[in-house]
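This report covers a strand arrangement, one helix and a surface patch. The sequence and the structure come first.

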Protein chains: 2
Amino acid sequence: MLCICVAGEEEQQAQSKKALKKQQKEAEKAAKKAEKQAKLAAEQQETDEDADRALVRVQDLTPEKAEQQIWVRARIHTSRAKGKQCFLVLRHQQFTVQALLAVGDRASKQMVKFAANLTKESIIDVEAVVKKVEQKIESCSQQDVELHVERSEARLPLQLEDAVRPEGEGDEEGRATVNQDTRLDNRVIDLRTTTSQAIFRLQSGVCQLFRDTLINKGFVEIQTPKIISAASEGGANVFTVSYFKTSAYLAQSPQLYKQMCICADFDKVFCVGPVFRAEDSNTHRHLTEFVGLDIEMAFNYHYHEVIDSITDTMVQIFKGLRDRFQTEIQTVNKQYPSEPFKFLEPTLRLEYKEAVAMLKAAGYDTDFYVLDKYPLAVRPFYTMPDPNNPKYSNSYDMFMRGEEILSGAQRVHDAQLLTERATHHGIDLEKIKAYIDSFRYGAPPHAGGGIGLERVTMLYLGLHNVRQTSMFPRDPKRLTP
Amino acid sequence: MLCICVAGEEEQQAQSKKALKKQQKEAEKAAKKAEKQAKLAAEQQETDEDADRALVRVQDLTPEKAEQQIWVRARIHTSRAKGKQCFLVLRHQQFTVQALLAVGDRASKQMVKFAANLTKESIIDVEAVVKKVEQKIESCSQQDVELHVERSEARLPLQLEDAVRPEGEGDEEGRATVNQDTRLDNRVIDLRTTTSQAIFRLQSGVCQLFRDTLINKGFVEIQTPKIISAASEGGANVFTVSYFKTSAYLAQSPQLYKQMCICADFDKVFCVGPVFRAEDSNTHRHLTEFVGLDIEMAFNYHYHEVIDSITDTMVQIFKGLRDRFQTEIQTVNKQYPSEPFKFLEPTLRLEYKEAVAMLKAAGYDTDFYVLDKYPLAVRPFYTMPDPNNPKYSNSYDMFMRGEEILSGAQRVHDAQLLTERATHHGIDLEKIKAYIDSFRYGAPPHAGGGIGLERVTMLYLGLHNVRQTSMFPRDPKRLTP
């Protein structure tokens with residue numbers, strides 16, 4: 001039996017403005033009918049709250065279920081009609097299963113034909129019997145069983161088979177791949193590919209591992225404001241917001257606020273949230289809005305205590321991903337092959353000055369390391385100078401596969417010195433008064449850093465563009481969808 | 001021995017613009033000296049990475065440590081000089097301990113005098129011997145021991161003792177309390193009070209419990225963009241952002257994006273992030289920026305499956321707070337007494353139409369309930385009409401202590417019906433094209449809701465203003481600190 005729950009619709013592409021206006025007018029006419037239609041449409045969707053047919057997930061279709069009659073809800077991934085039979089692949093998230101509908105006792109000729117004409121990507125409920133197969137079905141994730149039951153083809157903005165094809169393969173064998181703009185323009189469909197499903201499940205894991213590790217270390221999660229009255233880091237590259245009768249800015253980082261939480265005695269804090277950069281950079285690693293994983297921590301005697309906490313957190317993330325997300329890593333690797341991510345324990349830490357030579361000479365076998373002691377001149381005003389060499393600072397970056405993913409430092413925690421450093425950088429003191437004032441009533445020595453979530457996901461998986469790891473990326477040229 | 005690690009400084013209050021200009025000029029002159037000063041200041045702070053004196057936390061000062069010589073880092077909370085002795089209370093986060101410095105073998109007269117003059121709220125390192133006391137010290141959290149070691153008073157914008165005094169007590173006994181604007185203007189100091197420390201530790205727990213419960217239920221965490229090209233819910237009350245050569249909006253909710261993730265087959269998603277409302281509402285429960293805990297979920301047969309998932313999540317949060325955060329709840333209750341939060345299992349669910357009468361008549365003993373089936377006319381365009389009565393809808397609100405904390409609904413998942421509903425609400429279809437299009441290629445029936453984090457924390461603790469549960473609140477009149 002086949003029960004069509006939600007059918008896909010053909011897109012009305014290139015809908016001209018004229019057509020739109022006409023449509024609006026018609027829609028207005030139809031407004032009075034809308035209530036009635038709404039009721040009808042809702043009735044079509046409404047089903048029994050106490051429905052007793054349990055849905056089985058595609059991933060749970062294994063030989064143990066052989067000969068059982070079950071219900072499955074899934075998308076029509078591919079289909080192939082052949083005489084009185086229709087073969088199809090049903091998909092749910094990362095998992096696929098083959099299904100067969102044949103004219104016979106259970107299906108009429110009409111039903112097979114109807115099924116063969118269903119729109120691809122439609123979601124259907126099918127009632128089927130699970131059957132063991134003799135030869136493994138290599139093209140599906142569920143290789144040992146098939147369903148005896150169904151579907152057709154439709155014009156989609158992009159084909160899912162094309163969207164998961166390894167790069168370059170399209171050229172060699174004459175099969176299509178999908179370019180990035182087409183993917184992003186039709187992001188909802190692109191996010192259905194096994195690759196995208198795996199990327200964003202793994203990214204959810206990065207956030208979870210980051211927070212769980214820090215909560216275990218005694219950190220407190222904080223929420224910092226995104227609308228701020230003064231640019232956090234000096235005024236360049238900041239988005240302006242109209243705020244009632246005045247204007248404000250979007251925070252370029254939670255920097256000032258997480259430090260204020262240290263001054264307020266929270267000792268160890270972290271936050272996960274959007275940060276905004278009005279930077280006209282159109283590269284593979286820049287976004288105008290990305291997710292910051294931020295840490296700030298009071299230390300006892302040396303800022304290396306903080307570096308150790310952060311690197312340990314990263315190592316816990318790498319281990320957690322390796323141990324819990326192998327399915328996702330393998331799925332992404334099918335389309336984007338890469339070497340497994342390597343790291344050392346303890347994490348390799350080198351001083352900036354010697355780093356390039358040492359990395360070249362020693363050839364450490366790691367995709368994760370820390371460079372320490374950057375020149376003071378290239379760091380923000382709140383960076384603590386190196387006590388042993390005023391040209392350098394107690395600051396550090398962390399790298400994955402050779403690209404920066406974290407920037408951090410010990411911060412100046414003395415209001416007088418902070419005022420001097422801000423002045424040296426030409427920053428308007430009035431605008432950061434609340435920030436500087438928060439150091440006037442005693443502040444412990446502290447350090448921290450900010451991590452770019454999309455970069456961590458990209459580099460861990462060996463991908464090449466940060467837009468692949470942002471669900472709905474924002475850059476100077478892209479604001480939709 | 002007393003080691004002053006970081007001394008507080010007196011604030012230069014009411015710094016006039018003129019004075020500021022002068023200061024800036026002087027600061028510029030001093031810029032050349034800054035490097036040198038920076039070096040010196042840094043050297044003062046820098047200590048040995050391998051320092052072997054372990055710091056003991058105030059909360060760990062118990063009779064088991066009696067007669068041990070230890071180091072503690074804490075703030076000077078209060079002090080009282082008396083002849084050759086100086087009594088002080090040292091504070092770290094929610095915990096306090098009494099300390100005593102007396103002229104004798106271990107301290108000179110000068111040291112006691114010096115300690116008595118230290119600025120309140122300074123952070124000090126003290127070396128002390130832990131001593132059992134015969135009578136419990138009722139005024140401190142560590143009641144069974146004191147430290148044998150020290151400090152003085154300074155003009156702070158607000159006194160911490162005043163800031164934790166129960167409301168009204170100031171009037172009755174002639175002692176001061178601190179008004180909300182003074183608190184918020186000096187938020188870093190206000191956040192140090194035991195009450196604030198407890199509120200925000202509990203709030204961190206709300207987020208953790210929310211996510212852990214949902215991850216256990218198979219939800220995926222998503223990150224949705226905050227800068228968007230079209231107003232998410234119809235165009236009113238939205239902040240405008242300048243975006244390179246064009247303009248954009250700040251998302252009023254992740255609504256459209258979490259639904260697009262459902263269309264993209266993520267099935268069960270949640271997100272935690274800022275939402276923005278340009279609403280000129282100056283009430284105890286409105287902020288212009290708050291933290292949304294959002295859920296969206298495909299269901300099998302009825303949207304009540306989603307209500308059940310959300311209410312169970314809330315119940316897990318209530319239980320987790322009750323079981324893991326009693327210290328914090330008790331601390332807040334000292335200043336703001338309230339009854340423990342009550343809830344039923346399963347959660348009470350009533351239909352909107354009958355709710356008021358039923359609640360009055362039956363008097364359910366619960367601080368948490370759901371009202372279901374709101375009139376269609378008062379809900380957003382994407383709300384699914386009730387199939388049995390077109391004047392009503394498959395939508396619901398959830399309440400804590402009588403105030404709304406969640407608004408949710410089954411959503412329209414059919415592009416045609418969605419177009420009609422949007423038109424009926426006068427929404428420009430062109431602006432939400434990407435959203436509507438995402439339903440054209442098959443979408444499962446789904447429902448969800450959005451929870452205000454600050455309201456949950458406020459109402460769970462029985463507080464009366466949402467500004468108490470936002471670290472750095474934003475309202476039409478407040479953009480700083």
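Contact here means heavy atoms within 4.5 Å; helices (H or I, at least four residues) and strands (E, at least two) are DSSP runs, numbered from the N terminus. The model is predicted: local features need pLDDT of at least 70 and side-chain atom pairs count only at pLDDT 80 or more, while totals for chains, interfaces and linings use all residues. Residues are numbered from 1 along each chain as its sequence is written, chains are lettered from A and ligands numbered from 1 in the order in which they are written, and side-chain values use heavy atoms, without hydrogens and water.

In chain B, the buried residues (under 20% relative accessible area, 1.4 Å probe, protein chains only) of helix H10, residues 326-335, are Glu328(B), Ile329(B), Thr331(B), Val332(B) and Gln335(B). They line one face of the helix, because they fall within an arc of 160° seen down the axis of H10(B), the arc being that of the directions from the helix axis to the C-beta atoms. These residues pack against helices H3 (160-163), H5 (180-185), H7 (194-216), H9 (304-324) and H14 (453-460) of chain B.

In chain A, strand S10 (residues 246-250) pairs with two strands; pairing requires at least two DSSP bridges.

| Partner of S10(A) | Sense | Bridges | Facing residues |
|---|---|---|---|
| S8(A), residues 227-228 | antiparallel | two | Ile228(A) and Tyr249(A) |
| S9(A), residues 240-243 | antiparallel | four | Val241(A) and Ala248(A) |

The hairpin of S9(A) and S10(A) has two residues between the strands, and Phe244(A) there takes a positive phi near 50°.

Met358(A) lies in helix H11 (residues 352-362) of chain A.

Conventions:
Buried means under 20% relative accessible area, exposed over 50%, partly exposed in between (1.4 Å probe, protein chains only).
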